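Q: I would like a close look at a single part of this model, the open sheet and what surrounds it. Please take it strand by strand.

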Amino acid sequence: MPDFWFRLILPVAFSSLFALMLWGLLSAVYALWFMLLVLLILMGRHARQLHKLGLWLNDARPETIPEAGGIWDDVFSQLYRMVKKHIQTKQKLAAELQHMEQATAALPEGVIILNDANRIEWFNPIAQQHFFLDTNQDVMQDITYLVRQPEFIAYLHESDFSKPLMMRPARHDDMVLSIKLIPYGGDKRLLISRDITQFERIESMRRDFVANVSHELRSPLTVVNGFVENLRDMPDLGHDSARHILKLMAEQTRRMENLVADLLTLSRLENNQNPLLEEVVDIVELLDQVFRGGQLLSGGKHDLRLEVTGATKISGNLGELRSAFENLLGNAIRYTPEGGTILLRWFERGGQPVFSVEDSGIGIPAQHIPRLTERFYRIDSSRSRETGGTGLGLAIVKHIAMRHQAKLEIFSEEGKGSIFSLVFPARRQVA
Ligand code: ADP
């Protein structure tokens with residue numbers, strides 16, 4: 001600063017000295033004219049610099065800062081530093097803002113910032129999808145005009161947001177959202193929306209599954225209970241009647257036993273910590289055993305055939321493959337009336353090993369085929385139960401197929417018969 005005053009006063013001081021000399025040598029008038037001239041020149045220079053400053057301030061960029069001399073040099077260089085710093089701060093803030101926006105855009109949750117009047121101040125792309133928001137129109141819109149479900153509006157007016165709200169968006173009723181409001185910064189609120197459709201689906205499958213298992217177990221238990229009461233209340237029951245009741249009871253307990261065994265198999269197959277233990281499986285030997293088991297089950301009521309061609313060694317789990325093959329053959333026997341034919345085949349199709357069971361049984365109406373592998377899905381429940389079915393057989397087969405990267409194909413025609421095939425990947429073949 002002292003330098004500033006020195007540079008400001010120096011020309012005036014020199015000029016005043018010169019004017020004093022003029023006064024001494026010539027006259028006071030010359031001295032005054034001289035001083036007037038000097039002051040006019042100084043004023044003109046300052047006015048020029050001020051004009052340059054004014055022009056530059058209209059679009060203050062460091063690279064266009066004007067050249068200046070004297071005391072204006074300091075002013076311009078300070079302005080230059082200020083503008084440069086300001087631009088750097090602005091760039092830093094813009095980068096941070098962009099960074100924040102990228103981070104919130106990458107969030108798997110929808111985020112909406114609401115003001116105290118429930119107007120939308122900002123939202124991320126996921127929130128845009130959840131609530132069908134429009135970036136150009138919906139900023140500063142009242143959210144209750146856009147999301148009109150009464151439960152949502154009621155939730156906005158609550159004061160306790162510790163529990164999230166579950167709701168289905170109006171234009172997406174197959175989606176389930178979990179919504180949570182988080183107050184912040186005094187009067188603002190953060191609305192977080194999470195797509196929990198998958199979670200809800202699994203939860204409802206779990207509920208259905210528990211209900212189904214309970215129902216499946218309760219029916220035979222009720223029957224057994226009834227028989228036990230009969231036996232207790234009728235001590236004089238004849239030997240034959242008692243034997244008959246015991247036989248029926250044994251059937252029901254076997255049904256429960258089968259169900260529990262299938263449930264255990266399913267849970268073992270579904271357990272991620274239970275990887276497939278692979279070995280080289282001799283298909284000829286395995287199919288021979290399965291075929292003989294089938295003959296016993298059929299009791300000579302069907303025309304059972306076995307055909308094996310192509311490579312007969314694959315890499316897989318013997319126990320699981322046996323279970324899948326037995327399930328498919330068992331179904332064919334149970335759903336084929338007496339006298340029908342059942343063909344068990346092992347062959348190669350386009351380099352892929354295929355196991356198939358073809359029956360001339362009752363067949364399956366087309367609309368049921370996509371759901372057959374769901375647990376407890378049955379077309380005719382009484383037929384399934386009468387023949388000892390648990391409703392879990394095809395679910396087990398599907399899991400075993402998945403563990404072997406195989407595909408379960410089902411072709412069927414109502415009244416004519418069905419073909420169930422397991423198509424294994426070519427790489428499972430062992431030379
Ligand atoms: P279940 O124990 O009831 O047989 P599955 O899961 O093995 O259970 O089969 C599901 C349903 O698929 C059966 O209830 C039956 O309606 C149908 N199904 C399976 N295999 C056949 C088949 N070979 N022919 C006709 N229907 C079949």
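Q: To begin with the turn, how many residues lie between S9 and S10 in their hairpin, and which residue in the turn has a positive phi?

A: This is a predicted model. The hairpin of S9 and S10 has two residues between its strands, and glycine 350 in the turn has a positive phi of about 55 degrees. On either side of that turn, S9 covers residues 341–349 and S10 covers residues 352–359; the two strands pair in the antiparallel sense, with eight bridges. One position that shows the register is leucine 343, which stands opposite glutamate 358 in S10.

The hairpin is part of a wider sheet. Five strands make up this open sheet, and their order is S7-S9-S10-S12-S11. The pairing is mixed. In general, the strands of a sheet pair through backbone hydrogen bonds, in either the parallel or the antiparallel sense. S7 and S11 (407–413) are at the edges with a single partner strand each, so one side of each has no neighbour in the sheet. Averaged over the sheet and with direction ignored, neighbouring strands are turned by 15 degrees against each other.

Moving from the hairpin towards the S7 edge, the pairing is parallel: S7 (residues 303–308) and S9 are joined by six bridges. Here aspartate 303 has threonine 341 in S9 as its bridge partner.

Moving the other way, S10 pairs with S12 (residues 417–423), and these two strands run antiparallel with six bridges between them. Glutamate 358, already named as standing opposite leucine 343, also stands opposite isoleucine 419 in S12. Helix H9 (residues 283–298) packs on the sheet, where it touches S7, S9 and S10. The direction of H9 makes about 175 degrees with that of S7.

For comparison, there is another hairpin earlier in the chain. S4 (residues 177–184) and S5 (residues 188–195) run antiparallel and are joined by eight bridges. Their hairpin has three residues between the strands, and glycine 185 in its turn has a positive phi of about 50 degrees. Within this pair, leucine 190 in S5 is the bridge partner of isoleucine 182. S4 also pairs with S3 (residues 165–167), in the antiparallel sense and over three bridges; in that pairing methionine 166 stands opposite serine 178 in S4.

The ligand site can be described through its surrounding residues. The ligand is surrounded by 21 residues, of which the closest are Asn331, Tyr335, Ser384, Gly391 and Leu394. The side chain of asparagine 331 has an N or O atom 2.8 Å from an oxygen atom of the ligand. For arginine 334, a side-chain N or O atom is 3.0 Å from an oxygen atom of the ligand. Leucine 394 takes part through its backbone, with an N or O atom 2.8 Å from an oxygen atom of the ligand.

One helix pair completes the picture. H2 (residues 28–58) and H3 (residues 71–106) have axes that come within 11 Å and cross at roughly 10 degrees. The two helices are therefore roughly parallel to each other. In their contact, His46, Gln49, Leu50, Leu53 and Trp56 of H2 meet Ile71, Trp72, Phe76, Leu79 and Val83 of H3. Of the residues in this contact, eight are nonpolar, two are polar and none is charged.

Notes: Residues numbered from 1 in each chain as written. Predicted model: local features only at pLDDT ≥ 70, side-chain atom pairs only at ≥ 80, totals over all residues. Heavy atoms only, no water. Pairing = 2+ DSSP bridges. Helix = DSSP H or I, 4+ residues; strand = E, 2+ residues; numbered from the N terminus. Axes fitted to C-alpha atoms, helices over the stretch in contact; angles between N-to-C directions. Parallel < 35°, antiparallel > 145°, perpendicular 65-115°, else oblique. Contact = heavy atoms within 4.5 Å. Nonpolar A, V, L, I, M, F, W, Y, C, P; charged D, E, K, R; others polar. Near = heavy atom within 4 Å. Polar contact = N/O pair within 3.5 Å; in protein donor to acceptor, adjacent residues only side chain to side chain.
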